[in-house]
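Welcome! Work through the exercises below at your own pace, trying each task before you read its solution.

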Amino acid sequence: MDSLALFCTAALLAGGIYWFVCILGSAEQKGKRGVDLSGGSISAEKVQDKYKQYWSFFRRPKEIETAEKVPDFVDTFYNLVTDIYEWGWGQSFHFSPAVPGKSHRDATRLHEEMAVDLIDVKAGDRILDVGCGVGGPMRAIAAHSRANVVGITINEYQVNRARLHNRKAGLDSLCEVVCGNFLQMPFDDNSFDGAYSIEATCHAPKLEEVYAEIFRVLKPGSMYVSYEWVTTDKFKAEDPEHVDVIQGIERGDALPGLRSYSDIAATARKVGFEVVREKDLAKPPAMPWWTRLKMGRIAYWRNHILIMIFAALGIAPKGTVDVHEMLFNTADYLTRGGESGIFTPMHMILCRKPESSEHD
């Protein structure tokens, strides 16, 4: 009887561990295992120091606003978070409205396909992904449109991850990835048939600079669409709660400073674009984009326990626990921003480069 009880206890324990590790969590299969978490291009012994360096930017806010400081700031952030994002979120580092009856993965893909549909490109066209990350949107867009997609990201580790995923997906003939700063892109003038950015230009210290670069590389008559992170008309700068939420989002997502929705179209026009359409894609009847964050709280604690174990065993670098905790706290700020309506990550602006202009 004692042996039977011991066997049953061991079986229950084994089943519980299997459920905890293999089943509980978000729905996607990430392509990145928890035991392979790293600090990107940062050596394992320096991850904790780099995390502290990242937070030091916020103790010197004037440096965040200095253009030459921002690339290192953003590069450090994505070295720290890329593996955790892939493991816990997937290969598309952005939000999308929830779609009834659709999985998070399908809702994400539809949101990405809409971007390329808006810029009206055809198979064989050469289009630009501004801030491509590890290339989740790029692959969805290339498969959907059969356009040739060139992505640019400042983070070398993300370039390598994107190229690996492109090969695995059989899309490397359609997808090219370049390491570079989207404020100074290594592309010729008038060389792209279209462009898009999905929640990426928020990392630019001045939106005008990145919009001007996109304008430069687009062919006359071509379209550009962006999903922007902005504060909405509900945001009140005199409300301490609102300010706390927005600053929390900025600290946890490597943002030099969130812009107001009212600045986006004006900036696009300033660099020469015609604004075709502007809309907050998060507004009703769209389903809330932040529900995925709320639903992921249990998965967070499961993942956090695993990261603590991996770090204690030396499998994950020291500092990974701190980075993961930062991301969880940021998820709370994002949720509060979404629920209160003061923040949206999907203010869509659709622009056209005129056939001829004084900016040419």
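**Exercise 1. Salt bridges**

How many salt bridges does a search of the whole structure find?

*Solution.* Begin with what you are looking at: this is a predicted model, in which local features need pLDDT of at least 70, side-chain atom pairs count only at pLDDT 80 or more, and totals for chains, interfaces and linings use all residues. Residues are numbered from 1 along each chain as its sequence is written, and side-chain values use heavy atoms, leaving out hydrogens and water.

Step 1: recall the rule. A salt bridge is a side-chain nitrogen of Lys or Arg within 4 Å of a carboxyl oxygen of Asp or Glu.

Step 2: apply the rule everywhere. The search finds 13 salt bridges.

**Exercise 2. Three pairs in detail**

Find which parts of the chain are linked by the pairs D189 with R216, E208 with K270, and E339 with K294, and how exposed these residues are.

*Solution.* You will need two terms. Helices (H or I, at least four residues) and strands (E, at least two) are DSSP runs, numbered from the N terminus. Buried means under 20% relative accessible area, exposed over 50%, and partly exposed in between, using a 1.4 Å probe and protein chains only.

Step 1: take D189 and R216, whose closest N and O atoms are 2.6 Å apart. D189 sits in the loop between strand 3 and strand 4, while R216 belongs to helix 8, so this pair links distant parts of the chain, 27 residues apart. D189 is partly exposed at 46% relative accessibility, and R216 is partly exposed at 22%.

Step 2: move to E208 and K270, which form a salt bridge with closest N and O atoms 3.1 Å apart. Because E208 is in helix 8 and K270 in helix 10 (residues 264-271), the pair ties together parts 62 residues apart in sequence. E208 is partly exposed, with a relative accessible area of 36%, whereas K270 counts as exposed at 55%.

Step 3: finish with E339 and K294, where the closest N and O atoms are 2.7 Å apart. E339 lies in helix 13 (residues 320-340) and K294 in helix 11, so parts 45 residues apart in sequence are tied together. Both count as partly exposed: E339 has a relative accessible area of 44% and K294 has 40%.

Step 4: look for shared partners. E241, D244, D332 and R336 are joined into one network by salt bridges that share partners.

**Exercise 3. A charged residue without a salt bridge**

Describe the surroundings of D129.

*Solution.* Step 1: place the residue. D129 is in strand 1 (residues 126-130).

Step 2: check for a charged partner, counting Lys and Arg as positive and Asp and Glu as negative, with His and the chain ends not counted. D129 is buried yet has no salt bridge, and the nearest side chain of opposite charge, R139, is 8.7 Å away.

Step 3: look for a polar contact (a pair of N or O atoms within 3.5 Å; within protein, one must be able to donate a hydrogen and the other to accept it, and residues adjacent in sequence count only if both atoms are side-chain atoms). The D129 side chain makes one with the side chain of Y196, at 2.7 Å.

Step 4: list contacts, meaning heavy atoms within 4.5 Å. Beyond its neighbours within four places in sequence, D129 touches residues including P137, M138, V149 and Y196.

**Exercise 4. The nonpolar cores**

Which members of the largest nonpolar core touch the most other members?

*Solution.* Step 1: define the core as a set of buried Ala, Val, Leu, Ile, Met, Phe, Trp, Tyr and Cys residues joined through side-chain atoms within 4.5 Å.

Step 2: rank the members. Of 45 residues, V225, W229, I249, W289 and F343 touch the most others.

Step 3: look for a separate core. Another one, of 29 residues, lies apart from it, with Y51, W87, L306 and V323 among its members.

**Exercise 5. Unusual backbone angles**

Find where the backbone departs from the common pattern.

*Solution.* Step 1: know the pattern. Most residues other than glycine have a negative phi, and most peptide bonds are trans.

Step 2: check phi. N190 has a positive phi of about 55 degrees and lies in the loop between strand 3 (175-179) and strand 4 (192-198). E199 also has a positive phi, near 55 degrees, and is buried, with a relative accessible area of 6%.

Step 3: check the peptide bonds. P284 and P285 are joined by a cis peptide bond, with omega about 15 degrees.
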